Amino acid sequence: MDAKRLSLLVLVALTSACANVAPYQRGRLAHPTMSPDDAASLGQEHVHSVQEGATGGNVGASGGCGCN
Amino acid sequence: MRRAIALSCLSLTSLAGAEPSHLDVDTITEFSAYTDTDAVTVYTPALRGSVKDPLAGWSASGSYLVDIVSAASVDIVSAASPRWMEVRHAGTLSGSYEPRELGLSAFGAVSSEPDYLSLSGGGSASIDLFRKNLTLLGAYSYGHDVAGRSGTPFSVYSLTLNRHTVSTSAAIVLSRSTLLTLVGDAVLESGRQEKPYRWLPLFDASVAPSITPGSSVEEVNALRLPGRIAERVPDTRQRFALTGRFAHRGRASTWLAESRLYADSWGLVANTDDVRWVHDVSRRLSLWPHLRFNVQRGATFWKLAYVGNLSSGLVDAPEFRSGDRELSPLWSGTFGGGGRFDFGNPQERAFGLILQLEATYTDYLRALYISHRWAGFASLQAEVKL
């Protein structure tokens, strides 16, 4: 299966999972606790990144360190 | 005359009804502490801030932290080195603009220690589809790390590492109260990654099988070959991760669950699962338990005891060898919890205190010097919104 068809298949799968929630129905989705950043601790994130060999799952600014 | 009065009224009305500022300003100060049974202690004061205009669609944020590290880990003791202290400074800056369905952002980060410097920067683009019921995002970042020796300028001695990261994500609204986010990451690293301070013992081929996990420094010194060899790892590494994040808001609680699958070209395969249940005890107080589990298979070149051969003054050792326990087979479990108390109007969340406590047990299945480690972490944050 070429990349174009695979991309289309993934997009169809994603869109079929979507609900049709209107903006005025998003009260619970907008609750602060729904964001993983709500209780995020910079120190805690750093501890996890140093102690675990894996990486990934957080998009955005992050860098390396000589912590291990 | 009537026209003049009408124009005057219109002007006054415009002034009176001038739109108030839509800026949301949020600052969080944090102090966290970490300690473990491997004699490592870290104190981390940190500051985060963001300002955004939800109507105009732009936001800017930044953070700054200091890690004050004191370490006398078994790796330091095994090298007959005294306890050391070090301070790391790290900062991030990011900005985004999303006036309608399309959004753009840029971010940068820097981390500086006496013997390590990391610089990274990147950007992302996002698009909201189907009335924001589906949001797609693509991001790229580049990182440049330089490792050296404390007290020696990078111009004299340094190892450099370049890192390209491509990430894609899809945030899917499953219902009025449920959100699913899928994130895919590909990290391509090239350069020198070994630690200049890490020296490994070598063992004769006839002795190596008798070395057991968790062997003490004294036991290792009694059985190893003379001398030590520097750590050496492959110059390239391709890392891939797929993360699923689930969030569901009930009447008075929120479930947050995350699962990550990871694999890389060094043979390390890992799964990490994280669950948090935030319960609204009252309008001002919410509490949550937190569980996290991580299990990984070690890198293919990881050995409990590396076999060496000394002949004619030359050392014959494996091409790739490492003493970084985070490359070894291990599992870890974290349990803890936290709470948030809001002062003032709890709906506005203008001023809140957040306390988090957790303990982590790590079992190293095939490592020298230690077989397990207990760690404790605590953080206290104060959030102020204007």
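This note comments on the fold and surface of chain B in a predicted model.

1. Secondary structure. Chain B contains 21 strands and three helices. The points on pairing below concern three of these strands, namely β3(B), β4(B) and β5(B).

2. Pairing of β3(B) with β4(B). Strand β3 of chain B covers residues 58-71, and strand β4 of chain B covers residues 84-97. The two run antiparallel and are joined by 14 bridges. Within this pairing, B:Gly91 of β4(B) lies opposite B:Tyr64.

3. Pairing of β4(B) with β5(B). Strand β4(B) also pairs with strand β5 of chain B, residues 102-113, again in the antiparallel sense, here over nine bridges. One of the positions that fix the register is B:His89, whose bridge partner in β5(B) is B:Ser112. The connection from β4(B) to β5(B) is a hairpin of four residues.

4. Side-chain direction. In a regular strand, side chains point alternately to one face of the sheet and the other.

5. Dimensions and burial. The C-alpha trace of chain B extends over about 110 × 45 × 40 Å along its principal axes. Of the 386 residues in chain B, 42% are buried, where buried denotes under 20% relative accessible area.

6. Contacts across the sequence. When contacts in chain B between residues at least 6 apart in sequence are considered, 58% of them link residues at least 24 apart.

7. Surface and charge. The exposed area of chain B is about 19400 Å², and 64% of it comes from carbon and sulfur atoms. Chain B carries 37 positive and 38 negative charges, and the mean positions of the two sets lie 6 Å apart.

Notes: Residues are numbered from 1 along each chain as its sequence is written. Chains are lettered from A and ligands numbered from 1 in the order in which they are written. This is a predicted model: local features need pLDDT of at least 70, side-chain atom pairs count only at pLDDT 80 or more; totals for chains, interfaces and linings use all residues. Side-chain values use heavy atoms; hydrogens and water are left out. Two strands pair if DSSP finds at least two bridges between them. Buried means under 20% relative accessible area, exposed over 50%, partly exposed in between (1.4 Å probe, protein chains only). Contact means heavy atoms within 4.5 Å. Accessible areas come from the Shrake-Rupley method with a 1.4 Å probe; for residues, only the protein chains shown count as cover. Lys and Arg count as positive and Asp and Glu as negative; His and the chain ends are not counted. The place of a charge is taken as NZ of Lys, CZ of Arg, CG of Asp or CD of Glu.
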